[in-house]
Amino acid sequence: MKRKFAALGTILAAGSLFAAITLTASAAQITEETAKSTALASAGLSADSVSFTKSKLDRHDGRLIYEIEFLTSDFKEYDFDIDAESGAILDMEYEWKAAPTSGYGTQATITLEDAKTLAITHTGLQASQVTMKKAELDYDDGRLLYDIEFYTADLKELNYEIDAVTGTIIQWDFDLKNYVPAVSPDTGNNTKPASGLSMEDAKAKALSMAGLGSADVRWKKAKLDRDDGRQVYELEFYYGNLEYEVELDAATGTVLDFDVDEDD
């Protein structure tokens, strides 16, 4: 029988685990105020023109992020996830909550091609620089909308909802968290990424997190794979009756997942 251990809730023989992954503000490289300033600058707004509804440090997919949310006086809501180490904006969402509705039975006054052009122009890119995933006309909450989704060459995902009557951007977001720049195809030996950590570096990092040495464990799996557009190391090993599973970003070394199972 296996019993699942939560990585942050179980005292392991490898006590150094907590020092490696405990969430602390001191682990962040940028301050909360810097993260807020970054979000405001991206939105083209000032602190005195918005009301902050959330501002906190959290951990997502093995990385520290600041979650920043604010609202303008005309009910335009902005949500940001900002990398606490680099200051990069990983995710941004915008929604105009008080935008007027066009109503059922309304006819579109802009074309689908117009809507696609509006969305792409808003990003500052050209049509040749994106790959369209979805472009369709739909009703949502009494509003006739164009739903536009596309990718950039480096696999950033962008989603737009554009009022089909007025051409107003009602909602848009982009997401960098699940993607990294495109890498060269695997060479076939599945042991070395195009750049970043080697397999031996990845194994050493996993063992260090567990507070163990190579002589202490039996390896079950150590392979390079691709997940959500990025190269990852999938590592599994045994220490006594404990089974460790670690997933690392092959390009950056970021810990994406850490699990420990116990065999009874």
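**Close-up views of a predicted model**

**View 1. K220 is partly exposed, with a relative accessible area of 47%.** On the scale used throughout, buried means under 20% relative accessible area, exposed over 50% and partly exposed in between, with a 1.4 Å probe and protein chains only. The model shown is predicted, and local features therefore need pLDDT of at least 70 and side-chain atom pairs count only at pLDDT 80 or more, whereas totals for chains, interfaces and linings use all residues. Residues are numbered from 1 along each chain as its sequence is written, and side-chain values use heavy atoms, with hydrogens and water left out. The side chain of K220 meets that of E236 in a salt bridge, with N and O 3.5 Å apart; the term stands for a side-chain nitrogen of Lys or Arg within 4 Å of a carboxyl oxygen of Asp or Glu. Because K220 belongs to strand β10 (residues 218-227) and E236 to strand β11 (residues 230-239), the pair ties together parts that are 16 residues apart in sequence. In contrast to its partner, E236 is buried, at a relative accessible area of 12%. Salt bridges with shared partners join K220, K221, E234, E236 and E243 into one network.

**View 2. K134 and D147 form a salt bridge, with a distance of 3.1 Å from N to O.** K134 is in strand β6 (residues 130-140) and D147 in strand β7 (residues 143-152), so this pair links parts that are 13 residues apart in sequence. Strands, like helices, are DSSP runs numbered from the N terminus (E, at least two residues, for strands; H or I, at least four, for helices). K134 is partly exposed, with a relative accessible area of 27%, while D147 counts as buried at 17% relative accessibility.

**View 3. E33 and K36 form a salt bridge within helix α2 (residues 32-43).** The closest N and O atoms of the two residues are 3.5 Å apart. The residues are three apart in the helix and are therefore separated by about one helical turn. K36 is buried, its relative accessible area being 16%.

**View 4. Helix α3 (residues 112-123) has its buried residues on the same side.** The helix has 12 residues and reaches 17 Å from its first C-alpha to its last, close to the expected 16 Å, a span taken as 1.5 Å times one less than the number of residues. A115, K116, A119 and I120 are the buried residues of α3. They cover an arc of only 125 degrees around the axis, judged by the directions from the helix axis to the C-beta atoms. These buried residues pack against β6, β7 and β8 (157-163). G124, which follows α3, has a positive phi, near 80 degrees.

**View 5. The largest nonpolar core has 34 residues.** Such a core is a set of buried Ala, Val, Leu, Ile, Met, Phe, Trp, Tyr and Cys residues joined through side-chain atoms within 4.5 Å. The residues with the most contacts inside this core are F70, F80, I82 and Y160. Leaving aside neighbours within four places in sequence, I82 is in contact (heavy atoms within 4.5 Å) with residues that include I30, A35, L64, I68, I89 and L90. Apart from this core lies another, of 21 residues, among them A210, Y244, L248 and V260. In soluble globular proteins, nonpolar side chains tend to be buried together.
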